[in-house]
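Okay, thanks for coming, everyone. Let me put the sequence and the model up, and then we'll walk through a few spots together.

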Amino acid sequence: MKLPTNWTKKAEKLLLGKTIVKVEWMSTEETENIGWYKRPICLQLNDRSWIFPVMDDEGNDGGTLNYYRGGKTDVFPVWGAGDEDGDS
């Protein structure tokens with residue numbers, strides 16, 4: 001199946017040239033307010049917008065974000081809504 005180019009164009013318009021200026025995990029309060037159980041990583045861009053992963057395209061819960069560079073992969077996990085912030 002060929003992917004529709006309108007989604008690529010929309011993603012390019014929203015993301016190309018932007019810079020990540022802040023990184024944090026969604027707060028427990030924000031997570032509970034939208035009815036989720038998982039707290040994903042959130043990236044704020046230089047235009048004050050935020051991007052964060054969800055488990056599916058219906059936005060049913062927070063999801064993981066994968067990072068890949070030079071053959072190495074890292075995963076930014078999701079935390080439970082009640083998990084406390086801190087290093088682990």
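Before we start, one term: when I say polar contact, I mean a pair of N or O atoms within 3.5 Å, where one must be able to donate a hydrogen and the other to accept it. And keep in mind that this is a predicted model.

With that in hand, look at Asp 61, in the loop between β4 and β5. Its side chain reaches the backbone nitrogen of Lys 38 at 3.0 Å. The Asp 61 side chain also reaches the backbone nitrogen of Tyr 37, at 3.1 Å.

So what about charge partners? Which side chain of opposite charge is nearest to Asp 61? That's Lys 38, at 4.9 Å, and Asp 61 has no salt bridge even though it is buried. For a salt bridge we'd want the side-chain nitrogen within 4 Å of a carboxyl oxygen. If you skip the neighbours within four places in sequence, Asp 61 is in contact with Trp 36, Tyr 37, Lys 38, Val 54 and Met 55.

Next, another charged residue: Arg 39, which sits in strand β2, residues 38–39. Is Arg 39 buried or exposed? Its relative accessibility is 1%, so it counts as buried. What does its side chain reach? One polar atom of the Arg 39 side chain lies 2.5 Å from the backbone oxygen of Met 26. The side chain also gets to the backbone oxygen of Asp 83, at 2.6 Å.

Okay, on to the sheet. Three strands make an open sheet, ordered β1-β3-β4, with antiparallel pairing. β1 and β4 are at the edges with a single partner strand each, so each has one side without a neighbour in the sheet.

Let's go through the pairings. β1, residues 20–25, pairs with β3 over five bridges. Within that, Ile 20 has Leu 45 as its bridge partner, and Glu 24 stands opposite Cys 42. On to β4, residues 50–51: two bridges join it to β3, and Gln 44 is partnered with Trp 50. β3 and β4 form a hairpin with four residues between them, and in that turn Arg 48 has a positive phi of about 75°.

Last thing: why is β3 described as largely enclosed by the rest of the structure? Because five of its five residues, 41–45, are buried. Both faces are covered, with Ile 41, Leu 43 and Leu 45 on one side and Cys 42 and Gln 44 on the other.

That's my tour, thanks!

Methods:
Residues are numbered from 1 along each chain as its sequence is written. This is a predicted model: local features need pLDDT of at least 70, side-chain atom pairs count only at pLDDT 80 or more; totals for chains, interfaces and linings use all residues. Side-chain values use heavy atoms; hydrogens and water are left out. Buried means under 20% relative accessible area, exposed over 50%, partly exposed in between (1.4 Å probe, protein chains only). Two strands pair if DSSP finds at least two bridges between them. Lys and Arg count as positive and Asp and Glu as negative; His and the chain ends are not counted. Contact means heavy atoms within 4.5 Å.
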